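Here is my notebook from an afternoon of looking things up in a structure. Come and read along with me.

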Amino acid sequence: MDADIPHPRLDWALHCMNLTNPRSRAMGRVAKTPTRQQFDTHFRSLHRITHKLRTGFKMYSYKGYAGPWLENYWINEFKTKPEDFYPLVPLFVRWTDYMYHRGECKAFRAFGELLQKVIKPSWVYITLVTHAHGLAHLSPQYPNIIVLAAGGYGHVPLPLLKEPLPKVPLPSESPPDSFSTQTCKE
């Protein structure tokens, strides 16, 4: 795909960013759709550089539950499928676990230093954060990161679950008529 051709997922991301952050409006004029090769190369590099933000520390624990949390599920499910997000570049970082491990101030400083080295201003990124503050301290500097927020501050709200919910079987009888696709006759 040519880098100057618009992409529907990129259009969605730019619209989402424009609704939530006035500084993002400028992104629509500079955002680029990377070629697949550019995307793959950048993702591999980014994934290698952020490795230390995914490994070597425990999942945080809250009220008797020690994970995995939605961030962890997201990383485990999609880290080998970055192309599912193309042209948005996924940032697979255990943001919340790292904040609890290092302390919030040190973690945000480390995130800022890392992002400054790897984020391309004309590309759009996507990540999932379960921390209540999301990436609030970094969002003004990086308006090109879409935050799926399972804990608070971000672009797309997600439910924050303390633990996996049990699967509930569907009822065996058919649903009531109010759920059918038939129209009412007068």
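**Entry 1: two helices that meet.** I began with helix H5 (residues 95-102) and helix H6 (residues 104-118), keeping in mind that this is a predicted model. I looked up two values, because two packed helices are described by the angle between their axes and the distance between the axes. The axes of H5 and H6 come within 7 Å and cross at roughly 130°. That angle falls outside the ranges for roughly parallel, antiparallel and perpendicular, and H5 and H6 are therefore oblique to each other. I also noted that the crossing of H5 and H6 is right-handed.

**Entry 2: who makes the contact.** Which residues bring H5 and H6 together? From H5 I listed Trp95, Tyr98, Met99 and Arg102. From H6 I wrote down Glu104, Lys106, Ala107, Phe108, Ala110, Phe111 and Leu115. Sorting the contact of H5 with H6 by class, I got 8 nonpolar residues, 3 charged ones and no polar ones.

**Entry 3: the buried part of H5.** Next I asked which residues of H5 are buried. They are Trp95, Thr96, Asp97, Tyr98 and Met99. Their cover includes helix H4 (70-78), H6 and strand E2 (125-129). Right after H5 comes glycine 103, and I noted its positive phi, near 95°.

**Entry 4: rings in pairs.** How many aromatic pairs does the structure hold? I found 13. For phenylalanine 57 and tyrosine 98, the ring centres are 5.4 Å apart and the planes stand at 70°, so I filed the pair as edge-to-face. This pair links distant parts of the chain, 41 residues apart: phenylalanine 57 sits in the loop between helix H3 (36-49) and H4, and tyrosine 98 sits in helix H5. Phenylalanine 57 and tyrosine 98 are both buried.

**Entry 5: another pair.** I then turned to phenylalanine 78 and phenylalanine 85, whose ring centres are 5.3 Å apart. Their planes are at 75°, which is over 60, so this pair is edge-to-face. Is each ring buried or partly exposed? Phenylalanine 78 has a relative accessible area of 23%, so I marked it partly exposed. Phenylalanine 85 has 11% relative accessibility, so it counts as buried; the cut-off I used for buried is under 20%.

**Entry 6: a cluster.** My last look was at how ring pairs join up. They link Phe43, Trp74, Phe78, Phe85 and Phe92 into a cluster.

Definitions and conventions. Residues are numbered from 1 along each chain as its sequence is written. This is a predicted model: local features need pLDDT of at least 70, side-chain atom pairs count only at pLDDT 80 or more; totals for chains, interfaces and linings use all residues. Side-chain values use heavy atoms; hydrogens and water are left out. Axes are lines fitted to C-alpha atoms, for helices over the stretch in contact, and angles run from 0 to 180 degrees between N-to-C directions. Helices (H or I, at least four residues) and strands (E, at least two) are DSSP runs, numbered from the N terminus. Angles under 35 degrees count as roughly parallel, over 145 as roughly antiparallel, 65 to 115 as roughly perpendicular and the rest as oblique. A crossing is left-handed if the near helix is turned anticlockwise from the far one by less than a right angle, and right-handed if clockwise. Contact means heavy atoms within 4.5 Å. Ala, Val, Leu, Ile, Met, Phe, Trp, Tyr, Cys and Pro count as nonpolar, Asp, Glu, Lys and Arg as charged, and the others, Gly among them, as polar. Buried means under 20% relative accessible area, exposed over 50%, partly exposed in between (1.4 Å probe, protein chains only). Rings of Phe, Tyr and Trp (its six-membered ring) pair if their centres lie within 6.5 Å; planes under 30 degrees apart count as stacked, over 60 as edge-to-face and the rest as tilted.
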